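This report describes one helix pair and one pocket.

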Amino acid sequence: ESAVILDLTETSLERIIHTILNKTLDILDAPLAYEEAMSTLFLPESGNILAKTIQGTIGFDGTILENDQSWLITMATLTNIPRRAVGIVRLKQPENLGPGHEETRYIIMVLCPSKEKETKSATETSRTFATLFADINFRTKLQNVSSENMFKDMIAGHARELVNNQTHSMENGGDIAPDKHWYQLGQGMFEDLKQRIPYYLSDFYDGFVGEKPMQKTISATIFLYFACILPAIAFGVLNFQNTGGKL
């Protein structure tokens, strides 16, 4: 079972989870599980800190550089639901949902009954969706989907594609033949540019549209000012001392 909400304008993590949870429980016909779900998804008395989450990481040559904050998965094992369900929210625009979730666009919520077998547990199901949403090209395609049914079909299709690729890899000893097109030179830059062009203008006008645009712009400007000037002052003083005041 799955529930999808597209272009939600909520900016509070608790309100986002509340909205998708209600829709998911309606599909499961289990409205009485709401209180148990909220108390399991969030840490006690935290208000808006999720108890269990999965996020991706961005790295290079095996070195982890930072967390991928564009998506997050939260999960819960409940006693009052009849079967597994997944709720997915695509926000209207990336939102700051708290520490570690400053630019989140997708929130995936996984609910599993306590009697579910281990291979279909909340953790294993969450790992499956983490594999899907870790693909930045796939997430970019999802941004352009306008209907919930098409959104679900794309996720199902991508899941089948991953399974087929894994099966092909196992049948060939784990090796997949590389793409040997002659035009590979600059292909990565071309793909990056192709993905970025549709959103280039929004980089400029996003600061003036949406909910509380001036508040977001001013707060981000003040934050960056102090974040940049303090290291500059510190390094300036350090170099001044190291050069005997000759800098």
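## Helix packing and a pocket

Helix α1 (residues 13-28) and helix α2 (residues 34-41) pack at about 140°, and their axes lie 11 Å apart. That makes α1 oblique to α2, as the angle is neither under 35 degrees, over 145 nor 65 to 115. The model is predicted: local features need pLDDT of at least 70 and side-chain atom pairs pLDDT 80 or more, while totals for chains, interfaces and linings use all residues. Residues are numbered from 1 along each chain, and side-chain values use heavy atoms, without hydrogens and water.

The crossing of α1 with α2 is right-handed. In α1, Glu14, Ile17, His18, Leu21, Asn22 and Leu25 meet Tyr34, Ala37, Met38 and Leu41 of α2 (heavy atoms within 4.5 Å).

The second largest pocket holds about 300 Å³ of space. A pocket is an open set of points on a 1 Å grid, reached by a 1.4 Å probe, with protein on both sides within 12 Å along at least five of seven lines; lining residues have an atom within 4 Å of a point. Of its 13 lining residues, Glu1, Ser2, Val86, Thr125 and Phe129 are the closest to the centre. Two or more lining residues come from each of β1 (2-8), β4 (85-95), α3 (122-133) and α5 (148-171).

| Site | Nonpolar residues | Polar residues | Charged residues |
|---|---|---|---|
| Contact of α1 with α2 | seven | two | one |
| Lining of the second largest pocket | seven | three | three |

Methods:
Axes are lines fitted to C-alpha atoms, for helices over the stretch in contact, and angles run from 0 to 180 degrees between N-to-C directions. Helices (H or I, at least four residues) and strands (E, at least two) are DSSP runs, numbered from the N terminus. A crossing is left-handed if the near helix is turned anticlockwise from the far one by less than a right angle, and right-handed if clockwise. Ala, Val, Leu, Ile, Met, Phe, Trp, Tyr, Cys and Pro count as nonpolar, Asp, Glu, Lys and Arg as charged, and the others, Gly among them, as polar. Grid points are joined across faces, edges and corners, and a volume is the space filled by probe spheres set on the points.
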